[in-house]
Amino acid sequence: MSGIDFDKLRADITMQQVLQLLGFESTRGRGDQWYGRCPLRDCPPCLRPCFSVNVAMGRYYCHRCHRHGHQVELWAAATGLPLHRAAIDLCAALGREVPWTKRW
Ligand SMILES: [Zn+2]
């Protein structure tokens, strides 16, 4: 199995793009810090916006289901795919080339 350059992937694909694919709407937020409903399907409903994301840093954290990570991990959590498959799936969803690691 070929490796994926996750650093390049995270540089290429922004947290905003992943949030957009998931239909996330920020209900409250300032600058790069956004809050809203958790876009992860099996997250228990929360009364207050429980999902916080820093789009500049590309990190999310859900105070309800306690899942967290960067944009590729968010896509993996949302799709239920393992990280490697999720990265490929995410590139396909955005019509991008997968940044494979080069082997010499
Ligand atoms: Zn959640």
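The following exchange asks how the terms used for this predicted model are justified.

Reader: What kind of model is this, and how are the residues numbered?
Author: The model is predicted; local features need pLDDT of at least 70, side-chain atom pairs count only at pLDDT 80 or more, and totals for chains, interfaces and linings use all residues. Residues are numbered from 1 along each chain as its sequence is written.

Reader: What is the confidence in the protein, and where is it lowest and highest?
Author: The scale is pLDDT, the predictor's confidence in each residue, from 0 to 100. The protein averages 93, and 98% of the residues score at least 70. Strand 1 has the lowest confidence, at a mean of 86, and strand 4 the highest, at 98.

Reader: How many helices and strands does the protein have, and in what order do they run?
Author: Helices (H or I, at least four residues) and strands (E, at least two) are DSSP runs, numbered from the N terminus. By that definition there are four helices and five strands. From the N terminus on, they run α-α-β-β-β-β-β-α-α.

Reader: Why is the protein called as compact as a globular protein of its length?
Author: The radius of gyration is taken over C-alpha atoms, and the globule rule is 2.2 Å times the number of residues to the power 0.38. For 104 residues the rule gives 13 Å, and the protein has 14 Å, which is close, so it is as compact as a globular protein of that length. The C-alpha trace spans about 50 × 30 × 20 Å along its principal axes.

Reader: What makes strand 1 and strand 5 edge strands?
Author: Two strands pair if DSSP finds at least two bridges between them. The open sheet of five strands has the order 1-2-3-4-5, with antiparallel pairing. Strand 1 (26-30) and strand 5 (68-69) each pair on one side only, and are therefore the edge strands by the pairing rule.

Reader: How do you know that strand 3 pairs with strand 2 and with strand 4?
Author: Strand 3 has four bridges to strand 2 (residues 33-36), in the antiparallel sense, and four to strand 4 (residues 59-62), also antiparallel. Gly36 has Phe51 of strand 3 as its bridge partner, and Asn54 has Arg59 of strand 4. In the hairpin of strand 3 and strand 4, with four residues between the strands, Gly58 takes a positive phi near 70°.

Reader: Which residues of strand 3 are on the covered face, and which on the uncovered one?
Author: Phe51 and Val53 form the covered face, Ser52 and Asn54 the uncovered one. In a regular strand the side chains alternate between the two faces of the sheet.

Reader: Why are the buried residues of helix 4 said to lie on the same side?
Author: A residue is buried if 20 or more other C-beta atoms lie within 10 Å of its own, exposed if 12 or fewer, and partly exposed in between, with C-beta atoms placed from the backbone. In helix 4 (residues 83-93), Ala86, Ala87 and Leu90 are buried. They cover an arc of only 105° around the axis, which puts them on the same side of helix 4; the arc is that of the directions from the helix axis to the C-beta atoms. Arg85 and Ala92, on the other side, are exposed.

Reader: What makes a set of residues a nonpolar core, and which element supplies the largest share here?
Author: A nonpolar core is a set of buried Ala, Val, Leu, Ile, Met, Phe, Trp, Tyr and Cys residues joined through C-beta atoms within 7 Å. The largest one has 21 residues, and those with the most contacts inside it include Val53, Trp75 and Leu90. Helix 3 gives the largest share, six residues.
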